[in-house]
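Colleague: I'm new to this one and would like a close look at a single part of it. Could you take me through the surroundings of the ligands?

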Amino acid sequence: MNKIITTDICVIGAGSGGLSVAAGAVQMGAKVVLIEKGKMGGDCLNTGCVPSKALLAAGHAAENARRASRFGVSTGPVEIDFGRAIDHVHSVIAGIAPHDSVERFEELGCTVIQAEARFTGPGEVIAGETTIKAKRFVIATGSRAAVPPIPGLETVCYFTNETIFENRVRPEHLIIIGGGPIGLEMAQAHHQLGAKVTVIEMGTILPKDDPDLVAVIRDRIKADGISLYEGAKTKEILDVNDQIRVVIEHQGIEITLEGSHLLLATGRKPNVENLGLKDAGIDYTDRGISVDARLRTSNKKVFAIGDITGGLQFTHMAGYDAGIVIRNALFRLPAKVDHSAVPWVTYTNPELAQVGLTEKTAREQYGDDIRVVTWDYAENDRARAEAETEGFIKVITKPNGRILGAAIVGRQAGELIGVWSLAISKKMKIGAIAGMIAPYPTLGELSKRVAGAWYTPSLFGEKTRKLVRFLLRFA
Ligand SMILES: Cc1cc2nc3c(=O)[nH]c(=O)nc-3n(C[C@H](O)[C@H](O)[C@H](O)COP(=O)(O)OP(=O)(O)OC[C@H]3O[C@@H](n4cnc5c(N)ncnc54)[C@H](O)[C@@H]3O)c2cc1C
Ligand SMILES: NC(=O)c1ccc[n+]([C@@H]2O[C@H](COP(=O)([O-])OP(=O)(O)OC[C@H]3O[C@@H](n4cnc5c(N)ncnc54)[C@H](O)[C@@H]3O)[C@@H](O)[C@H]2O)c1
């Protein structure tokens with residue numbers, strides 16, 4: 001017998017975005033139905049951010065042990081139990097899972113339905129045996145790995161982010177197609193855990209980031225021993241005696257690679273299928289559901305957030321979107337998204353962090369009417385003490401000092417980018433960072449020093465020297 005629920009907000013998808021809307025809305029007094037067809041927590045918890053960072057942590061631990069001799073610390077040969085590294089990954093997921101669980105959301109007051117949701121009309125969704133009528137709907141169904149049309153791919157077994165964290169056997173030779181953040185993080189984690197790794201990228205690695213900073217990552221992964229083919233076309237994939245043969249064309253030459261395992265990390269596809277979007281009058285494209293700046297779809301009762309909108313696909317963006325929807329749907333405020341200060345980080349070692357405009361996008365917007373300053377990790381005392389001097393920080397400002405963007409490649413870049421996110425979102429000028437007192441010796445001093453470098457030409461220039469000499473006459 002079909003059951004009918006009438007509610008204020010119906011959220012489809014219990015990943016980073018859906019959970020944030022549901023938790024926020026229910027605690028603010030709205031009646032909320034939350035529908036999830038798979039695992040609570042979505043991609044981030046189960047097959048994305050959490051397992052990838054946990055596996056990277058295992059890889060970095062192995063690498064630190066290997067490199068400890070530069071401090072006079074000997075550990076002997078590093079032995080890796082790959083299965084235990086995967087156990088670590090799953091214990092981290094298990095530790096976080098209660099926070100995203102059905103039990104917690106029911107305790108908060110949500111009605112949680114574990115079934116696939118589908119619109120049956122503009123104001124109605126069906127999930128299992130239940131029909132949900134709501135004042136507002138929020139679609140947060142996320143994305144999944146895009147599978148490129150490579151001849152022969154269907155003849156071999158391959159991993160995506162959905163399956164790689166289940167693999168307990170260290171790959172002899174892992175071939176990764178795609179040199180974006182997933183490809184590079186997984187390349188480094190597996191390589192540090194003892195696998196041979198080859199990355200095939202059709203363009204250049206990390207194409208959304210500043211090429212000057214990406215060069216540091218490229219040099220490092222190559223120096224570590226990861227084979228990297230950029231500008232390479234994957235022509236064919238074959239199964240040969242249980243080995244995976246990948247034929248690529250690189251710099252006009254055909255190269256045949258043979259690996260034990262294959263990972264596809266070639267971007268994402270939005271989960272728009274079987275949602276009944278047409279029945280609900282919701283427009284979408286290959287990139288995802290179309291939304292306006294208030295995250296409203298073409299059906300004004302329905303919002304869409306997170307990966308499904310095809311925008312910046314990060315957990316923190318799904319969470320940010322959730323806040324915009326809560327303001328619109330609950331408080332009837334016309335809140336709009338502002339993407340001027342969105343940070344992202346690739347958690348390789350060294351890390352690569354970006355916020356605001358890159359130098360390229362700043363030049364596209366402002367021409368040469370910008371200033372660019374850099375400061376090297378090699379000039380930072382803490383980096384020297386820790387023997388991690390690789391990398392630099394780059395900051396882009398307007399001529400009046402207004403900060404437009406910042407990018408950092410180096411140790412803990414992800415932790416250091418926060419101050420620049422705040423500065424850009426609060427429309428601060430670089431003087432605010434230059435004037436900050438940073439504790440010594442910290443990597444945080446990099447921010448202060450790069451801001452100081454912005455002033456160097458004027459502060460130590462002839463004008464200042466003349467002024468000081470003049471004033472000293474009266475001292
Ligand atoms: C390997 C990897 C590493 C990543 N690392 C990072 C990182 O370090 N930092 C970062 O910020 N981001 C990272 N991301 C991106 C991040 O995981 C996503 O941006 C984020 O999970 C998007 O959240 P979401 O709520 O839009 O979708 P999801 O988290 O994917 O949640 C969508 C949910 O909707 C459910 N669903 C789909 N269709 C239906 C339906 N019809 N009915 C009911 N339920 C449905 C799905 O089962 C899923 O649980 C990573 C992604 C991957 C793949
Ligand atoms: N640290 C993080 O925040 C983090 C980590 C992982 C993933 N993510 C999110 O997940 C998204 C998806 O990650 P991703 O790395 O899969 O996607 P991506 O789109 O960022 O990168 C995919 C790469 O694969 C390449 N590619 C595509 N088809 C190819 C082919 N046939 N042959 C060779 N190369 C090919 C592209 O040129 C691109 O460089 C990211 O954009 C990001 O939003 C974030």
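Modeller: Here is a walk through the two ligand sites, with the whole chain as a backdrop and one residue to finish.

Keep in mind that this is a predicted model. As a backdrop, the protein has 15 helices and 23 strands. Its radius of gyration is 25 Å, close to the 23 Å that the globule rule gives for 475 residues, so the protein is as compact as a globular protein of that length. Along the principal axes, the C-alpha trace spans about 90 × 65 × 45 Å. Buried residues account for 44% of the 475. If you take the contacts between residues at least 6 apart in sequence, 66% of them join residues at least 24 apart.

Now for ligand 1. It has 35 residues around it, and the closest are Gly13, Gly15, Gly42, Gly142 and Gly306. Several helices take part: α1 (16-27), α2 (42-47), α3 (49-66) and α8 (315-329) each bring at least two residues to this shell. Sorted by character, the shell around ligand 1 holds twelve nonpolar residues, 17 polar and six charged.

Next, ligand 2, which has 25 residues around it. Gly178, Gly180, Ile182, Gly267 and Gln313 come nearest to ligand 2. Helix α6 (181-192) and strand β19 (343-346) each supply at least two residues here, and α6 gives the most, with four. The shell around ligand 2 splits into twelve nonpolar residues, ten polar and three charged. Two domains meet the ligand as well: domain 2 (153-267) and domain 3 (344-459) each provide at least three residues of the shell.

On that later stretch of the chain, an unreviewed UniProt entry carries the annotation "domain: Pyridine nucleotide-disulphide oxidoreductase dimerisation" for residues 342-446. In the model, that span is 30% helix and 30% strand, and its end C-alpha atoms lie 20 Å apart.

Last, a single residue to look up in the viewer: Thr120, which sits in strand β4 (residues 117-121). Leaving aside residues up to four places away in sequence, Thr120 touches Val125, Ile126, Gly276 and Asp279. Is Thr120 buried, exposed or in between? It has 13 other C-beta atoms within 10 Å, so Thr120 counts as partly exposed; the exposed class stops at 12 or fewer and the buried class begins at 20. For a sense of distance, try Thr397 too: the C-alpha atoms of Thr120 and Thr397 are separated by 50 Å, and the two residues are 277 apart along the chain.

Note on methods: Residues are numbered from 1 along each chain as its sequence is written. Chains are lettered from A and ligands numbered from 1 in the order in which they are written. This is a predicted model: local features need pLDDT of at least 70, side-chain atom pairs count only at pLDDT 80 or more; totals for chains, interfaces and linings use all residues. UniProt positions are given in the numbering used here, feature names are shortened, and annotations may be inferred rather than shown by experiment. A residue is near a molecule or strand if its C-beta atom, placed from the backbone, lies within 6 Å of it. Ala, Val, Leu, Ile, Met, Phe, Trp, Tyr, Cys and Pro count as nonpolar, Asp, Glu, Lys and Arg as charged, and the others, Gly among them, as polar. Two residues are in contact if their C-beta atoms, placed from the backbone, lie within 7 Å. The radius of gyration is taken over C-alpha atoms; the globule rule is 2.2 Å times the number of residues to the power 0.38. Domain bounds come from an automatic or database domain assignment.
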